[in-house]
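Biologist: I would like a close look at one part of this model. Please take the stretch ahead of the helix and show how it relates to the rest of the chain.

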Amino acid sequence: MNPQSAPDQRPQSVATPSGGLPVYCPVCQTVPLQGKQQACSPRCRIQKSMATREAKRVKIQADRDATARLHLRAAQRSVAETQRFISEALNLLQEPSL
Ligand SMILES: [Zn+2]
């Protein structure tokens with residue numbers, strides 16, 4: 001028996017992509033992920049999915065705000081144009097009768 005050659009102490013099977021460094025749980029940043037895990041525990045998985053949902057919600061809200069802003073600007077231009085037409089019509093009516 002040669003205990004020197006038996007690598008019993010090899011690190012547990014962790015995800016080691018390119019650099020050979022373990023990938024840590026993106027939520028707690030402390031537990032190395034194993035295999036194709038996205039999070040280390042149910043707790044972290046729930047937090048991760050909540051964060052994803054929140055990010056989506058923020059994005060949808062931002063898109064909605066941007067669209068509303070576009071509509072408001074278009075309406076503002078339209079109001080300005082309407083006011084210009086009203087002013088021109090009033091000016092014509094205020095000119096002396098022919
Ligand atoms: Zn975790």
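Modeller: A residue is exposed if 12 or fewer other C-beta atoms lie within 10 Å of its own, buried if there are 20 or more, and partly exposed in between. Keep in mind that this is a predicted model.

Start with T30. T30 sits in the segment before α1, the helix that covers 42-94. T30 has 9 other C-beta atoms within 10 Å, so T30 is exposed. Exposed does not mean without contacts here. Leaving out residues up to four places away in sequence, T30 touches Y24 and C25. There is also a distance to note further along the chain. C40 is 10 residues from T30 along the chain, and their C-alpha atoms are separated by 9.1 Å.

Now step to Q29. Q29 belongs to the segment before α1 as well. Q29 counts as exposed because it has 9 C-beta neighbours inside 10 Å. The backbone of Q29 deserves a look. Its phi is positive, about 60°, although Q29 is not a glycine. Most residues other than glycine have a negative phi.

Next, cross into the helix. K48 lies in α1. With 17 other C-beta atoms within 10 Å, K48 falls between the two cut-offs, and therefore K48 is partly exposed. Which residues does K48 touch, once residues up to four places away in sequence are set aside? They are P26, V27, Q38 and A39. One of these, Q38, can be given a distance too. K48 and Q38 are 10 residues apart in sequence, and 8.7 Å separates them in space, C-alpha to C-alpha.

Then take α1 as a whole. α1 has 53 residues, and at 1.5 Å a residue they should span 78 Å. The end C-alpha atoms of α1 are 77 Å apart, which agrees with that expected span. The helix is hardly covered: among its 53 residues, the count of buried residues is 1.

Last, the setting. The protein chain has 1 helix and 0 strands. Of its 98 residues, 2% are buried. What share of contacts between residues at least 6 apart in sequence joins residues at least 24 apart? The share is 0%.

To pull the part together: T30 is exposed, with 9 other C-beta atoms within 10 Å, and touches Y24 and C25. Q29 is exposed too and has the positive phi. K48, in α1, touches P26 and V27, among others.

Key: Residues numbered from 1 in each chain as written. Predicted model: local features only at pLDDT ≥ 70, side-chain atom pairs only at ≥ 80, totals over all residues. Helix = DSSP H or I, 4+ residues; strand = E, 2+ residues; numbered from the N terminus. Contact = placed C-beta atoms within 7 Å. Expected span 1.5 Å × (residues − 1).
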